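Me: Can you walk me through this structure? I'd like short answers, please.

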Amino acid sequence: MSGSVRVLLADDQQLIRTALRMVMADLDDMEVVGEAGTGAEAVRLTAQLAPDVVVMDLRMPGMDGIEATRAIAESSSAGAVPARVLVLTTFDDDDHVYGALRAGASGFLVKDMALDDIIGAVRVVAAGDALIAPSVTRRLIRDFASSRPEPARIPRELTRITEREREVLTLVGSGLSNTEIAAELCISVATAKTYLTRLFTKLDARDRVQLVILAYEAGLVSVG
């Protein structure tokens, strides 16, 4: 299974871990390399097992999922890419979306989603993209905007990007996919991906989610 996605399941509910493990066991492209019942254990096992993706619950005893996500995102062994974190929580926890994404999570899902959708999300995150469950996206944007005043100025790092890159960042912040960005700007999908790669580098962003956050913090996108 050398080409499979290595997954670590971190949730204090054994039932959730068992359900995900059973589904992934039947997949040729996915392998559960470990399970953790606490945030601290998730951090320890991530360093020990080097998974590609950590499926992380937010509410766990001791170190919670946000703290664990931050520790995983900030740590990496020599020459290795840190594991990508996919948060899996309940709908009522979506007020923690911003904190989870700011801590370095590459995705945010709710537990009432179909297992097939969760598995698909693991693949997306493992491939280097990021996503947020459609059911929480609009509420995330509204809560984010209402709890934070519009920035008074554009952060200094955004002055290093070109006008076209600023346009792409604005569209990313609006939730558009690469295909939609390409159509909006009348460019190829490959060119859209090139602009995203440049934005990742210039803005020191780990993934698409961080670009969305930067777009809002820079005032490039606003609700309504």
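**Strand, helices and a cavity**

Reply: Let's start with Ala-10, which lies in strand β1. Keep in mind that this is a predicted model.

Me: Is Ala-10 buried or exposed?
Reply: Ala-10 counts as buried, because its relative accessibility is 2% and the cut-off for buried is under 20%.

Me: How far is Ala-10 from Ala-36, C-alpha to C-alpha?
Reply: They are 4.5 Å apart in space. Along the sequence, 26 residues separate Ala-10 and Ala-36.

Me: What about cavities? How many of 30 Å³ or more does the structure hold?
Reply: Two. The second largest cavity has a volume of about 40 Å³.

Me: How does anyone find a hole like that?
Reply: Rolling a probe the size of a water molecule over the atoms shows where empty space is left.

Me: Which residues line the second largest cavity?
Reply: The lining is made of Leu-9, Ala-10, Asp-11, Ile-16, Arg-17, Leu-20, Val-55, Met-56, Asp-57 and Leu-88. The elements that give two or more residues to that lining are β1 (5-10), α1 (14-25) and β3 (53-56).

Me: Which element gives the most?
Reply: That is α1, with three residues.

Me: And how does the lining of the second largest cavity split by class?
Reply: Seven residues are nonpolar and three are charged. There are no polar residues in this lining.

Me: Let's stay with α1. What span should α1 have?
Reply: At 1.5 Å a residue, its 12 residues should span 16 Å. The end C-alpha atoms of α1 are 16 Å apart, so the two values agree.

Me: Which residues of α1 are buried?
Reply: Arg-17, Leu-20 and Met-24. They cover an arc of only 70 degrees around the axis, which puts them on the same side of α1.

Me: Why would residues spread along a helix share a side?
Reply: An α-helix has 3.6 residues a turn, so residues three or four places apart point the same way.

Me: What sits on the face of α1 turned away from its buried side?
Reply: That face carries the exposed residues Leu-15, Met-22 and Ala-25.

Me: What comes after α1?
Reply: Asp-29 is in the loop between α1 and β2 (30-36). Asp-29 counts as partly exposed, because its relative accessibility is 27%. Its C-alpha atom is 6.7 Å from that of Gly-3, and the two are 26 residues apart along the chain.

Me: Now α5. What span should helix α5 have?
Reply: Helix α5 covers residues 115-126, which is 12 residues. At 1.5 Å a residue it should span 16 Å. Its end C-alpha atoms are 17 Å apart, which agrees.

Me: Which α5 residues are buried?
Reply: Ile-118, Ile-119, Ala-121, Val-122 and Val-125. Their arc around the axis is only 155 degrees, so they are on the same side of α5.

Me: And what happens just after α5?
Reply: Gly-128 takes a positive phi there, about 105 degrees.

Me: What's the usual sign of phi?
Reply: Most residues other than glycine have a negative phi.

Me: So which residues here aren't glycine but have a positive phi?
Reply: Ala-50 is one of them, with phi near 50 degrees. Ala-50 is in the loop between α2 (39-49) and β3. Cys-186 also has a positive phi, about 60 degrees, although it is not a glycine. Cys-186 is found in the loop between α8 (178-185) and α9 (189-202).

Me: Is Cys-186 buried or exposed?
Reply: Exposed, because its relative accessible area is 73% and the cut-off for exposed is over 50%.

Me: Change of topic. Where is Glu-165?
Reply: Glu-165 is in helix α7 (residues 163-173). Glu-165 is buried, with a relative accessible area of 2%.

Me: What does the side chain of Glu-165 make a polar contact with?
Reply: The side chain of Lys-202, at 2.9 Å.

Me: Last one. What's in the loop between α7 and α8?
Reply: Ser-177 lies there. Ser-177 is partly exposed, with a relative accessible area of 31%. From Ser-177 to Val-189 is 9.7 Å in space, C-alpha to C-alpha, and 12 residues in sequence.

Notes
Residues are numbered from 1 along each chain as its sequence is written. This is a predicted model: local features need pLDDT of at least 70, side-chain atom pairs count only at pLDDT 80 or more; totals for chains, interfaces and linings use all residues. Side-chain values use heavy atoms; hydrogens and water are left out. Helices (H or I, at least four residues) and strands (E, at least two) are DSSP runs, numbered from the N terminus. The expected span of a helix is 1.5 Å times one less than its number of residues. Buried means under 20% relative accessible area, exposed over 50%, partly exposed in between (1.4 Å probe, protein chains only). The arc is that of the directions from the helix axis to the C-beta atoms. On a 1 Å grid over the protein atoms alone, a cavity is a set of points where a 1.4 Å probe fits but cannot get out, and a pocket is an open set with protein on both sides within 12 Å along at least five of seven lines; lining residues have an atom within 4 Å of a point. Grid points are joined across faces, edges and corners, and a volume is the space filled by probe spheres set on the points. Ala, Val, Leu, Ile, Met, Phe, Trp, Tyr, Cys and Pro count as nonpolar, Asp, Glu, Lys and Arg as charged, and the others, Gly among them, as polar. A polar contact is a pair of N or O atoms within 3.5 Å; within protein, one must be able to donate a hydrogen and the other to accept it, and residues adjacent in sequence count only if both atoms are side-chain atoms.
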